[in-house]
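Student: I have this model open and would like to walk through it with you before I go back to the bench. Could we start with the sheet and then move on to whatever looks unusual?

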Amino acid sequence: MDTATEHDIPKVMSQFSTTDLKWRGFHPFNEITGADQVARQFWQPLRSSLAHMQNRVDILFAGHNSLHDPDDVWVVSMGHLMGLFDKPWLGIRATGKMAFLRYCAFYKVSGDRIVETAMYFDIPHLMVQAGQNPFPPQTAAHLVQPGPLTHDGLLWNEQPIEEGNKTLALINAMISDLGQWNSGMTLQEELARTWHQDMIWWGPEGIGATYTIDRYAKQHSGPFRAGFTERSKTEHVCRLAEGNYGGFFGWPNFTAIPSGGFMGMPSTGKPGEFRVIDIYRRADDKLAENWVLIDLLHFWKQQGVDVLTRTTGIKQTGG
């Protein structure tokens, strides 16, 4: 893909993916079936807009999906698609300057083909780079988000199984705590069970990134819990770990009803879906970093606010 011309992208997709590839992406793409359609609806328009595009990978790992058949193998890639923003994309105006589309992708591999993909990407962050900020001021900060502090996120070699098991167990413990919203402890005490005190939560545009347990509780986790009611149980399609890295995605991960305050929006009374990818780095016995992608455009569209159309003036048609 990195070396193919825009014209050759469908050929590359068909070489490595099944014809009936199941592809999940953020709004306005949603679900697309077939390698050729993914190439034509997503990759070719993006490559046309981001000239000389590079895939700058920060994290790469693989493993068996712990939630399904042990033969269910997935490969995870996370980083930025960088290029010269020379043509509009999804109504977002071109800048003629460098632009970064932050992404994370989960690829299910069977035999010698990719059969399923979940590719999540931060469209609002690209909009901000183009001077079209779609959201009110966020509670935390969002910059071009770096890879791991330890610079060891590209797992080209197989990692010890026991290290991946430790990472997965820690992620599972964190999910168990997160799903309660009422543990009887303070939020900081609850977080300290599975997170380092100097944790970093690399959140999406509209929320931002935050550093240390105290600031995470103040700048995201606390406001998020206060802004919702009736959170459903967590449902994931895939959850895996290798070495010190692990993650998961859902479609959606959970639903919740805004009770007012989240991202400056009022209560709606409408359940909304949260499509989320989370990637983690474990350091010793605690989680140290977390990269998060949330489909906020899809969530707010369910609440009756089409953020992308409102900001760009162009109505989108999804896959």
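**The sheet and its surroundings**

Tutor: Six strands form an open sheet of mixed pairing, and their order across the sheet is β2-β1-β6-β5-β4-β3. Please keep in mind throughout that this is a predicted model.

Student: Which strands stand at the edges?

Tutor: Those are β2, residues 31-33, and β3, residues 50-64; each has a single partner strand, so one side of each is left without a neighbour in the sheet. As for the geometry, neighbouring strands of this sheet are turned by 20° against each other on average, with direction ignored.

Student: OK, and in which sense do β1 and β6 pair?

Tutor: They pair in the parallel sense, over five bridges, and in this part of the sheet Gly25 stands opposite Met119 of β6. On the other hand, β5, which covers residues 98-110, pairs with β6, residues 113-121, in the antiparallel sense over eight bridges, where Phe106 has Ala118 in β6 as its bridge partner. In general, strands of a sheet pair through backbone hydrogen bonds, and they may do so in either the parallel or the antiparallel sense.

Student: And how many bridges join β1 to β2?

Tutor: Three bridges join them, and the two strands run antiparallel, with Lys22 having Thr33 in β2 as its bridge partner. The two strands form a hairpin with five residues between them, and Asn30 in the turn has a positive phi of about 60°.

Student: Where does Pro28 lie?

Tutor: Pro28 lies in the loop between β1 and β2, and the peptide bond that joins His27 to Pro28 is cis, with omega at about 15°.

Student: What about the helices, which strands does α1 lie across?

Tutor: Helix α1, residues 9-16, lies across β1 and β6, and runs at about 105° to β1. Helix α2, residues 35-49, lies across β1, β2, β3, β4, β5 and β6, running at about 130° to β3.

Student: Which residues of α1 are buried?

Tutor: The buried residues of α1 are Ile9, Pro10, Val12 and Met13. Seen down the axis of the helix, they fall within an arc of 160°, so they line one face of α1. These buried residues pack against β1 and α2.

Student: Switching to the core, which residues touch the most other members there?

Tutor: In the largest nonpolar core, which has 88 residues, the ones that touch the most other members are Trp43, Trp89, Phe106, Phe121 and Ile279. You have already met Phe106 as the bridge partner of Ala118.

Student: What is Phe121 in contact with, leaving aside its neighbours within four places in sequence?

Tutor: With those neighbours set aside, the contacts of Phe121 include Trp23, Gly25, Phe26 and Phe29, and also Phe42, Leu101 and Leu293. Arg102 and Tyr103 are likewise among the residues it contacts.

Student: Different topic: how many disulfides does the count come to?

Tutor: The count comes to zero disulfides.

Student: Why is there no bond between Cys104 and Cys238?

Tutor: The sulfur of Cys104 is 10 Å from its closest cysteine sulfur, the one in Cys238, which is too far for a bond. The distance works out the other way round as well, because the closest cysteine sulfur to that of Cys238 is the one in Cys104, at 10 Å.

Student: Is Cys104 buried or exposed?

Tutor: Cys104 is buried, with a relative accessible area of 0%, and Cys238 is also buried, with a relative accessible area of 0%.

Student: You mentioned one cis peptide bond; what joins Trp251 and Pro252?

Tutor: A cis peptide bond joins them too, with omega at about 0°, and Pro252 lies in the loop between β11, residues 245-249, and β12, residues 254-258. Most peptide bonds are trans, and most residues other than glycine have a negative phi.

Student: On that note, what is the phi of His151?

Tutor: His151 has a positive phi of about 55° although it is not a glycine. His151 lies in the loop between α3 and α4, and it is exposed, with a relative accessible area of 74%.

Student: And is Met263 buried or exposed?

Tutor: Met263 counts as buried, at 12% relative accessibility. Met263 also has a positive phi of about 55° without being a glycine, and it is found in the loop between β12 and β13.

Key:
Residues numbered from 1 in each chain as written. Predicted model: local features only at pLDDT ≥ 70, side-chain atom pairs only at ≥ 80, totals over all residues. Heavy atoms only, no water. Pairing = 2+ DSSP bridges. Helix = DSSP H or I, 4+ residues; strand = E, 2+ residues; numbered from the N terminus. Axes fitted to C-alpha atoms, helices over the stretch in contact; angles between N-to-C directions. Contact = heavy atoms within 4.5 Å. Disulfide = S-S within 2.5 Å. Buried < 20%, exposed > 50% of the residue type's maximum accessible area, 1.4 Å probe, protein only. Arc of directions from axis to C-beta. Core = buried A, V, L, I, M, F, W, Y, C linked by side-chain atoms within 4.5 Å.
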